[in-house]
Amino acid sequence: MHILRADELNAKDTYKLLSGTVVPRPIAFVTTRSSINGAVNAAPFSFYNVVSAEPPLLAISVSRADGRQKDTARNAIAHREFVVHVSDESIIEDINKTAARLDPDISELGMTDFSVTDSACISVPGIKEAKVRFECILERHLPFQNDSGETTTDLIIGRVVCFHLNDQVYDADKGYIRTDELKPAARLAGNEYARLGKTYTLVRPT
């Protein structure tokens, strides 16, 4: 067993350990409105998960680049609205293209075949091709600093105000999601991704 003290590791090594062990991770594909010219910015984030069902909250961790906020964090904080899409196998390749670093006034969607569609409750549009999307308003923004006092991460917590669910993946009679039809993509380490594999059932103890 290797024992590594966190205070003896650099940021790169720490990232490699966490991204390689906390797996598989769901991928949030997020659209926001540019705070510069109103362009639709889009980007994927795999440091992401559910926080609460009551109220319905999602958390997205957005690392800063050389101390500068990324477009998604800056836009979400400025306008307090964003859309989170479930990244599935059918759209993951186009989603990956939006990870490119572009100027904030340029929409990453121009590199994809995605089309935008109006949201029901907020002004930020969503992606029509996504099977599931969540319209969110900003619940809380939590900046985090490293040991040197530099802000390195923006934790964005969004409250879901509207769910969009494709007929293929949503069983309206039971209120269930058909995960086998959703086919979510998952993030591993480096350039590695994963599909939903064999599933099994464990009954919780009472």
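Which residue of strand 3 does Thr32 stand opposite? The answer is in the first close-up, and like every view here it comes from a predicted model.

**View 1. Strands 2 and 3 make a hairpin.** Thr32 stands opposite Asn41 in strand 3. That pair belongs to an antiparallel match between strand 2 (residues 28–33) and strand 3, held by 6 bridges. Between the two strands of the hairpin sit 6 residues, and Gly38 in this turn has a positive phi of about 80 degrees. Strand 3 itself, residues 40–45, is mostly covered, with 5 of its 6 residues buried.

**View 2. Strand 5 has partners in strand 4 and strand 10.** Strand 4 and strand 5 form another hairpin, this one with 2 residues between the strands. They pair in the antiparallel sense over 5 bridges, and Ala53 has Pro56 of strand 5 as its bridge partner. Now follow strand 5 to strand 10: 7 bridges join these two, again antiparallel. Look for Leu58 here, whose bridge partner in strand 10 is Gly158. Strand 5 is mostly covered, since 6 of its 8 residues count as buried.

**View 3. Strands 1, 13 and 14 build an open sheet.** The 3 strands come in the order 1-13-14, with antiparallel pairing. Strand 1 (25–26) and strand 14 (193–194) are at the edges with a single partner strand each, so one side of each has no neighbour in the sheet. Zooming in on strand 1 and strand 13 (residues 186–187), you find 2 bridges in the antiparallel sense. Arg25 stands opposite Arg187 of strand 13.

**View 4. Ile60 sits in the largest nonpolar core.** This core has 21 residues, and those touching the most other members are Ile60, Phe82, Val84 and Phe134. Two or more residues each come from strand 2, strand 3, strand 5, helix 2, strand 6 (81–86), strand 9 and strand 10. The biggest giver is strand 9, with 4 residues. As for Ile60, leaving out residues up to four places away in sequence, its contacts include Ala28, Val30, Phe45, Phe47 and Tyr48. Also on the contact list of Ile60 are Phe82, Val84, Asp154, Leu155 and Ile156. Apart from this core lies another one, of 12 residues, with Val40, Ile92, Leu109 and Ala185 among them.

**View 5. A cavity has Ile60 in its lining.** Searching the whole structure turns up 1 cavity of 30 Å³ or more, and about 30 Å³ of space lies in it. What lines this cavity? The residues are Ile60, Val62, Thr72, Ala76, Phe82 and Ile156. Strand 5 and helix 2 each supply at least two of the lining residues. By class, the lining splits into 5 nonpolar, 1 polar and no charged residues.

**View 6. The largest pocket draws its lining from helices and strands.** Its volume is about 1,700 Å³. There are 50 lining residues, and the closest to the pocket centre are Tyr15, Ser63, Arg64, Lys70 and Thr152. Three helices appear among the elements that give two or more residues: helix 1 (11–21), helix 2 (71–79) and helix 3 (92–97). The strands that do so are strand 3, strand 5 (56–63), strand 9 (132–145) and strand 10 (151–165). The lining is a mix of 20 nonpolar, 16 polar and 14 charged residues.

**View 7. The second largest pocket has a lining of 22 nonpolar, 3 polar and 2 charged residues.** About 550 Å³ of space lies inside this pocket. It is lined by 27 residues, and Pro26, Tyr48, Val86, Leu182 and Pro184 are the closest to its centre. Strand 1, strand 4 (48–53), strand 5, strand 9 and strand 10 each give two or more residues to the lining. Strand 4 has the largest share, 5 residues.

**View 8. Ser148 lies in a loop.** The loop in question runs between strand 9 and strand 10. Is Ser148 buried or exposed? With 62% relative accessibility, Ser148 counts as exposed. For scale, take Ala99, which is 49 residues from Ser148 along the chain: 28 Å separates the C-alpha atoms of the two.

Note on methods
Residues are numbered from 1 along each chain as its sequence is written. This is a predicted model: local features need pLDDT of at least 70, side-chain atom pairs count only at pLDDT 80 or more; totals for chains, interfaces and linings use all residues. Side-chain values use heavy atoms; hydrogens and water are left out. Buried means under 20% relative accessible area, exposed over 50%, partly exposed in between (1.4 Å probe, protein chains only). Two strands pair if DSSP finds at least two bridges between them. On a 1 Å grid over the protein atoms alone, a cavity is a set of points where a 1.4 Å probe fits but cannot get out, and a pocket is an open set with protein on both sides within 12 Å along at least five of seven lines; lining residues have an atom within 4 Å of a point. Grid points are joined across faces, edges and corners, and a volume is the space filled by probe spheres set on the points. Ala, Val, Leu, Ile, Met, Phe, Trp, Tyr, Cys and Pro count as nonpolar, Asp, Glu, Lys and Arg as charged, and the others, Gly among them, as polar. A nonpolar core is a set of buried Ala, Val, Leu, Ile, Met, Phe, Trp, Tyr and Cys residues joined through side-chain atoms within 4.5 Å. Contact means heavy atoms within 4.5 Å.
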